[in-house]
Every structure is written in C-alpha cells, then in structure tokens.
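Work through the exercises below with the sequence and the coordinates side by side, and try each task before reading its solution.

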Amino acid sequence: MLGMFKKLKGLFGRRPVVVPNAAGLLEGEAKTIEVGDMGSDGRQILLCRVGGKIFGLDTLCPHAEGGRLSRGPLHEGRFAVCPMHSYKFDVKTGAPQDVNCSHARTVRCEEREGNIEVFA
Ligand code: FES
C-alpha cells in the first residue's frame, strides 16, 4: 500500500527544485534562488538556516511596496529583513515582527542527501 502511495505521489506530486550544497548555507545565513522563469511565473525564494533546519520564504515582501526580503545574515539569526522599510519576518512562520502587515509566504524546504529540496 505504501509503495502504491509513493508511486502515485511521484506521478502527481510536485517535484522539488534541488539546490546543491546544503552545508554551504550556514546557521543564521540566507541566500536567494530563482525558481522558474522570472519573466513569467517564476519566483525568488529566500533559503535560510535557523536552528539547524532549512526554511524558505518568497522574497516578495508582503508590505507590497516593491521590496524584496534580502539575503545575507538574518536579523538576530532568525528574521528576514526587507530593506525597503526594514520590516522583519520570522523565517519559520513568515510572521511579521512588531508591525501590522501580512505574513511573508513560506515555502516548504527539506534537506536531503546534502542538497536542499525546494517545493516552490
Ligand atoms: S516593501 Fe518591504 S517593508 Fe515595505
């Protein structure tokens, strides 16, 4: 039964984008990747490592005034920052910190066999 489920999931499940060298993303750091065609339906994803785990956020800032969450060190080791107005978002949940704003959109990521799988 489990094997059947895995086959169906493989046929119909969304395949992840595989980003090599998960170990290169250090604790408290973040880097951006692009998934798909940025000229049409592509997305820019911020990959972050917090508490040893990988988290992903869509870089499009929910403040919606043209900013994108920036790469580089995370604020206090766990918040992604939009440089436009310095709003901060918890990379685990996308929750804004100390501002009235929508959540940043989270993206499921898994670390597997030395790579990061991004389900964007
Ligand atoms: S557009 Fe990101 S904080 Fe304003």
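**Exercise 1: a hairpin and its register**

In β8, Glu117 is the bridge partner of Glu110. The model is a predicted one, in which local features need pLDDT of at least 70 and side-chain atom pairs count only at pLDDT 80 or more, while totals for chains, interfaces and linings use all residues. Residues are numbered from 1 along each chain as its sequence is written.

Task: Starting from this pair, establish how many bridges join strand β7 to strand β8, and which residue of the hairpin takes a positive phi.

Solution. Begin with the terms: strands are DSSP runs of E with at least two residues, helices are runs of H or I with at least four, and both are numbered from the N terminus. Two strands pair if DSSP finds at least two bridges between them. Strand β7 covers residues 106–112 and strand β8 covers residues 115–119; they run antiparallel and are joined by five bridges. Another of the bridge pairs matches Cys109 with Val118 in β8. The hairpin leaves two residues between the strands, and Glu113 in this hairpin has a positive phi near 50°.

**Exercise 2: from the hairpin to the sheet**

Task: Place β7 and β8 within the whole sheet, and state which strands form its edges.

Solution. First take the inventory, which is one helix and eight strands, running α-β-β-β-β-β-β-β-β from the N terminus on. Next, follow β7 to strand β4 (residues 53–58), with which β7 pairs in the antiparallel sense over two bridges; here Gly56 stands opposite Val107 in β7. Extending the pairing gives an open sheet of six strands in the order β1-β8-β7-β4-β3-β2, with antiparallel pairing. The edge strands are β1 (17–19) and β2 (30–35), since each of them pairs on one side only. The twist from one strand to the next averages 30° (axes are lines fitted to C-alpha atoms, for helices over the stretch in contact, and angles run from 0 to 180 degrees between N-to-C directions).

**Exercise 3: a residue in an edge strand**

Task: Decide whether Glu34 is buried, partly exposed or exposed, and find which residues it contacts.

Solution. Glu34 has its place in strand β2. A residue is buried if 20 or more other C-beta atoms, placed from the backbone, lie within 10 Å of its own, exposed if 12 or fewer, and partly exposed in between. Because Glu34 has 13 C-beta neighbours inside 10 Å, it counts as partly exposed. Two residues are in contact if their C-beta atoms lie within 7 Å; leaving aside neighbours within four places in sequence, Glu34 is in contact with Gly42 and Gln44. The C-alpha atoms of Glu34 and Ile45, which are 11 residues apart along the chain, are separated by 6.2 Å.

**Exercise 4: core and loop**

Task: Identify which members of the largest nonpolar core touch the most other members, and then turn to Ala64 and Glu76 in a loop.

Solution. A nonpolar core is a set of buried Ala, Val, Leu, Ile, Met, Phe, Trp, Tyr and Cys residues joined through C-beta atoms within 7 Å. The largest one holds 24 residues, of which Leu47, Leu57, Leu69 and Ala80 touch the most other members. Its largest share, four residues, comes from β3. Beyond four places in sequence, the contacts of Leu69 include Leu57, Ala80 and Phe89. Ala64 lies in the loop between β4 and β5, as does Glu76. Ala64 is exposed because 9 other C-beta atoms lie within 10 Å, and its phi is positive, near 60°. Glu76 is likewise exposed, with 9 other C-beta atoms within 10 Å, and has a positive phi of about 50° although it is not a glycine.
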